[in-house]
Amino acid sequence: MDARRTPAEPDPVDGGKSPMRRRVVAASIIGSALEWYDYALYGLASALVLNKLFFPDLGSEVGTIASVATFAVGFVARPLGGVVLGNLGDRHGRKAVMITTLVLMGIATTLIGALPTYGSIGVWAPILLVFLRLCQGFGAGAEFGGAVVMSAEYAPPGKRGLFASTAQVGAEIGMLLSTAAFAVIGTLPENQLLSWGWRIPFLVGIVPVAVGLFLRLRVQETPEFQRVKGTGEQPRVPMAELLRTAPKQVLLAAGARLMDPPLGYLYTVFVTVYAVKQVGVAQQTVLTGLLIASALGIGSVALFGHLTDRLGTKRVYLTAAAFAMVLAFPFYWLVDTGQPVVIWLALILGTSVGKELNNAGQAAYLTEMFEPRIRVSGVSLARESVSAVGGLIPVAGLSLVNLAGGSYWPVALLMVVLGAISFVCISLSKPAVAAANDPDATAAPAYAKDGAA
């Protein structure tokens with residue numbers, strides 16, 4: 001995937017063979033599936049059951065907001081994880097960071113399933129819950145960066161967008177599995193759900209950890225990292241080098257991502273609470289819609305990833321921002337009908353189309369914005385600095401709806417504003433390393449040292 005190699009040149013990966021490439025894709029998908037299984041699972045649990053288990057004395061409304069706030073806590077640790085583990089990925093290799101993130105996230109998720117509740121140990125229960133959420137967030141801080149970078153750097157010529165999107169395929173699989181898990185345990189009687197049923201989805205998270213660890217231990221470092229290491233271009237402190245040479249790239253990439261958290265969490269965690277509490281829709285109706293949307297999203301994100309290779313990364317990513325703005329108000333019009341099929345349509349448009357168009361464009365865009373020697377640091381910092389704010393989106397959404405007397409309009413307006421900022425930042429961006437077949441690519445000088453992004 002070197003910017004200086006054209007599609008006509010020989011493909012150096014595996015000497016033209018594909019087993020390692022398949023292994024990398026599988027490892028990327030498994031790890032991202034675990035990341036999003038963890039986060040979607042916790043998001044759904046915080047919206048539906050954790051308020052009763054860990055914040056029983058706060059009442060229904062305040063307890064739900066407090067519970068969803070613990071979901072946001074995990075995002076506080078993500079930038080720190082991105083900085084520390086991003087350095088690891090650029091200094092010691094993509095493989096090292098992929099193994100570290102997988103273990104951290106998996107252990108934290110499993111331990112959440114074993115936590116005593118407020119009724120057993122009092123205030124220590126929410127304290128331990130917050131601590132494990134911080135561990136989850138720290139590990140997730142470089143999971144996406146490591147997975148996307150490794151997949152993109154193993155991509156055949158002309159297929160970087162498709163390969164980079166495989167991490168997002170994993171994300172959709174994780175969303176699908178977590179939603180399916182809650183849809184199943186949600187059928188339990190409430191006393192069984194609150195006593196032991198809610199624990200099962202968290203405890204089984206150890207399974208993808210074992211599978212993912214097996215795959216990632218067998219992956220070799222990417223050719224690009226080996227080249228950087230062999231030529232001695234590795235900076236001593238990659239994150240410091242990133243901030244010295246590419247601050248504009250980081251700011252524009254972070255700005256481009258501002259629409260991502262609302263797409264991810266307003267259309268999953270927040271809408272679950274909104275539809276149930278404000279519209280009066282059955283919980284299972286929303287979960288069924290999320291299942292359908294996640295299943296369709298597995299295919300749509302790969303399709304949109306392929307489109308970035310055919311139409312250009314910037315063009316696809318700009319379309320995603322425009323679509324997010326256009327859909328913001330109609331999405332809630334559809335949800336407010338209270339009709340299951342119409343709500344499912346809204347969730348499909350919001351996630352299978354809007355969110356996945358954004359995800360596919362973002363994956364290719366971020367890998368192109370940073371040169372190989374600082375790429376994991378750049379991707380992780382740009383992504384997770386926004387994720388820290390994004391974790392507050394479900395809490396902000398619930399608070400805005402309460403202030404507006406149950407109306408969705410402030411939430412929809414927030415989506416429009418953030419989508420507009422993203423559109424502007426994407427428009428102003430120039431990649432540091434451009435795909436040879438990207439019709440939109442006007443790259444800044446690759447491997448520039450002067451800080452001009």
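**Surface and aromatic packing in a predicted model**

Q: How much area does the chain expose, and what share of it do carbon and sulfur atoms supply?
A: In this predicted model, the exposed area of the chain is about 15900 Å². Of that area, the part supplied by carbon and sulfur atoms is 70%.

Q: Which helix gives the most to the nonpolar surface patch?
A: The patch covers about 490 Å² and is made by Trp-196, Ile-200, Val-204, Ile-206, Val-207 and Val-211. Val-207 lies in helix H13, and with three residues the largest contribution to the patch comes from that helix, spanning residues 206–217, namely H13.

Q: How is the ring pair of Tyr-274 and Tyr-332 classified?
A: The chain holds eight aromatic pairs. In this one the ring centres lie 5.7 Å apart and the planes meet at 85 degrees; because planes over 60 degrees apart count as such, the pair of Tyr-274 and Tyr-332 is edge-to-face.

Q: Which helices does the pair of Tyr-274 and Tyr-332 link?
A: The two residues are 58 positions apart, so that distant parts of the chain are linked. Tyr-274 belongs to residues 260–279 and Tyr-332 to residues 313–336, which are helices H17 and H19.

Q: Is Phe-331, which pairs with Tyr-332, buried or exposed?
A: Phe-331 and Tyr-332 form an edge-to-face pair, with 5.0 Å from centre to centre and 85 degrees between the planes. Tyr-332 has a relative accessible area of 2%, while that of Phe-331 is 0%; since buried means under 20%, Phe-331 is buried.

Q: Which residues form one aromatic cluster with Tyr-274 and Tyr-332?
A: Tyr-274, at 3% relative accessibility, counts as buried. Alongside Tyr-274 and Tyr-332, the cluster includes Tyr-267, Phe-329, Phe-331 and Tyr-408.

Methods
Residues numbered from 1 in each chain as written. Predicted model: local features only at pLDDT ≥ 70, side-chain atom pairs only at ≥ 80, totals over all residues. Heavy atoms only, no water. Areas by Shrake-Rupley, 256 points an atom, 1.4 Å probe, with all protein chains shown as cover. Patch = residues over 30% accessible without salt bridge, like charges linked within 9 Å, V, L, I, M, F, W, Y side chains within 5 Å. Salt bridge = Lys/Arg side-chain N within 4 Å of Asp/Glu carboxyl O. Helix = DSSP H or I, 4+ residues; strand = E, 2+ residues; numbered from the N terminus. Phe/Tyr/Trp six-rings, centres within 6.5 Å; stacked < 30°, edge-to-face > 60°. Buried < 20%, exposed > 50% of the residue type's maximum accessible area, 1.4 Å probe, protein only.
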